[in-house]
Amino acid sequence: MRAVIVAAAVAFLISLFGTPIAIKVFSALKAGQPIRSIGPQTHLGKRGTPTMGGVAFILATVFAYVAGHVALTTLPDRQIAQERPTMTALVLLGLLVFCGAVGFLDDFLKVRKRNSDGLSAKGKLLGQLLAGIGFGIAALYFPSTNGETVASEKISFIRDVSWLDVGKVGAVMVFVFVIMAMSNGVNLTDGLDGLATGASILVLGAYSLIGFWQYRHWCGDDDYRLTSQLTQEHCYQVRDPLEIAMIAAAAAAALVGFLWWNTSPARIFMGDAGALGLGGLIGGLAVATRTTLLSVIIGGLFVIITMSLVIQVISFRTTGKRVFRMSPLHHHFELAGWSEVNIVVRFWIIAGICAAIGLGLFYSDHLAVMG
């Protein structure tokens, strides 16, 4: 628990006091966010607000992990404490950084061209695909000394579903899909001041709780299993759950610090650097905690917003009519006359409800197994 608290505290402080530095740097570099003319007209007043703010909370999360890992190595239980960063940490932080790098390149090109046409859609998807394949292989083909891998060959809901065994190659494909879907989901949600930031805080907070709960009931803790007389069906077969909790908590806390500056009216935007990085991390957390299908509920707001775009495109291409005034969904409500703050707060409520339902399902499974 100490390592989780240390990581969260360090991440919050670095992000809170580091984001103003990022604002000054990106403002001096004239890295202002280009605004599409076809979007809501109220967004035109945001032109010139510095973007690429995701760099601030990504760096804060990485530095916080180092601080938390230092605290982790001082734990008396040497079986749980580890001298080196684990493969789980390398996969999760790698997804955060490399997916963020793809987004940073997109942001950079937008700023350089002075328009909203950054990296092409194919280019972004290719970058996400490469990140997914690379870290998917690391997650499936590099087991720990006890044979546990970061990801599983089985598709999971709250735990691995035994009859959904897709093999290693299939599992890498699932890994790639989850990373790409979640990255683009968070990216589509990042359209209003603080919307994606607040929603991601709730999702990451849920995963920090899941990770810590799995750590407290971990199959890898021999002392716990012996004293509690639990079988493999009762405990959680995951790898490095405490590090999962630590990274999720650090990222959530870093976003809280960033939200201070990103809430309406935003002083800085996270940009694709932040949105794609966060989506990659959340997708990685879903796979690492063996809650792949449950992530559809925990990250329900991202799914809803993504589906609004899918429905809009399908409807327009097949019937020539639009279901929404504009997609993604938050822009529909803007054109319907809702204020930006109202939309953001109400969507945060939806995100919180989704995360709470996901946590409820997770805990109810634990009660059912223990019962």
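Is Asp-272 buried or exposed? In this predicted model, Asp-272 is buried, with a relative accessible area of 6%. The residue sits in helix α9, which covers residues 271-288.

Asp-272 also carries an annotation. An unreviewed UniProt entry lists Asn-187 and Asp-272 under "binding site". The two positions span 86 residues in sequence, yet their C-alpha atoms are no more than 6.5 Å apart, so they gather at one spot. Asn-187 belongs to helix α5, residues 167-189. Its relative accessibility is 15%, so Asn-187 counts as buried under the 20% cut-off.

The contacts of the two residues were then examined. Neighbours within four places in sequence are left aside for Asn-187, which is in contact with Lys-124, Asp-272, Ala-275 and Leu-276. On the same basis, Asp-272 is in contact with Gly-103, Asp-106, Asp-107, Lys-110, Lys-124, Asn-187 and Gly-277. Lys-124 thus appears in the contacts of Asn-187 and in those of Asp-272.

Charged pairs come next. The structure holds 8 salt bridges. One of them joins the side chains of Asp-106 and Lys-124, at 3.7 Å from N to O. Asp-106 lies in helix α3 (residues 87-113) and Lys-124 in helix α4, 18 residues apart; the pair links distant parts of the chain. Asp-106 and Lys-124 are both buried. Lys-110 forms a salt bridge with Asp-272, and their closest N and O atoms are 3.8 Å apart. Lys-110 is in helix α3 and Asp-272 in helix α9, so this pair ties together parts that are 162 residues apart in sequence. Lys-110 counts as buried, at 13% relative accessibility. Asp-106, Lys-110, Lys-124 and Asp-272 are linked in a network of salt bridges. The annotated Asp-272 is therefore a member of this network, through its salt bridge with Lys-110.

A further salt bridge involves Arg-290 and Asp-160, whose side chains meet at 3.6 Å, N to O. Arg-290 is in the loop between α9 and α10, while Asp-160 is in strand β2 (residues 160-165). The two residues are 130 apart, and the pair links distant parts of the chain. Arg-290 is buried at 4% relative accessibility. Asp-160 is partly exposed, with a relative accessible area of 30%.

Arg-290 also has an unusual backbone feature to report. Its phi is positive, about 60°, although Arg-290 is not a glycine. Met-52 likewise has a positive phi, about 65°, and is not a glycine. Met-52 lies in the loop between α1 (2-28) and α2 (54-72). Met-52 is buried, with a relative accessible area of 3%.

Cis peptide bonds were also found. The bond from Ser-264 to Pro-265 is cis, with omega near -10°. Pro-265 is placed in the loop between α8 (241-262) and α9. The bond from Ser-327 to Pro-328 is cis as well, with omega near 0°. Pro-328 is placed in the loop between α11 (300-319) and α12 (329-335).

The surface shows a nonpolar patch. Leu-126, Leu-129, Leu-130, Ile-133, Ile-137, Tyr-141, Phe-142, Val-169 and Met-173 form this patch, with about 840 Å² of accessible area together. Helices α4 (121-141) and α5 are the elements that give two or more residues. α4 gives the most, with 6 residues. Leu-126 is found in helix α4. Leu-126 is partly exposed, with a relative accessible area of 48%.

Key:
Residues are numbered from 1 along each chain as its sequence is written. This is a predicted model: local features need pLDDT of at least 70, side-chain atom pairs count only at pLDDT 80 or more; totals for chains, interfaces and linings use all residues. Side-chain values use heavy atoms; hydrogens and water are left out. UniProt positions are given in the numbering used here, feature names are shortened, and annotations may be inferred rather than shown by experiment. Helices (H or I, at least four residues) and strands (E, at least two) are DSSP runs, numbered from the N terminus. Buried means under 20% relative accessible area, exposed over 50%, partly exposed in between (1.4 Å probe, protein chains only). Contact means heavy atoms within 4.5 Å. Patches are made of residues with over 30% relative accessible area and no salt bridge: like charges are joined within 9 Å, nonpolar side chains (Val, Leu, Ile, Met, Phe, Trp, Tyr) within 5 Å. Accessible areas come from the Shrake-Rupley method with a 1.4 Å probe; for residues, only the protein chains shown count as cover. A salt bridge is a side-chain nitrogen of Lys or Arg within 4 Å of a carboxyl oxygen of Asp or Glu.
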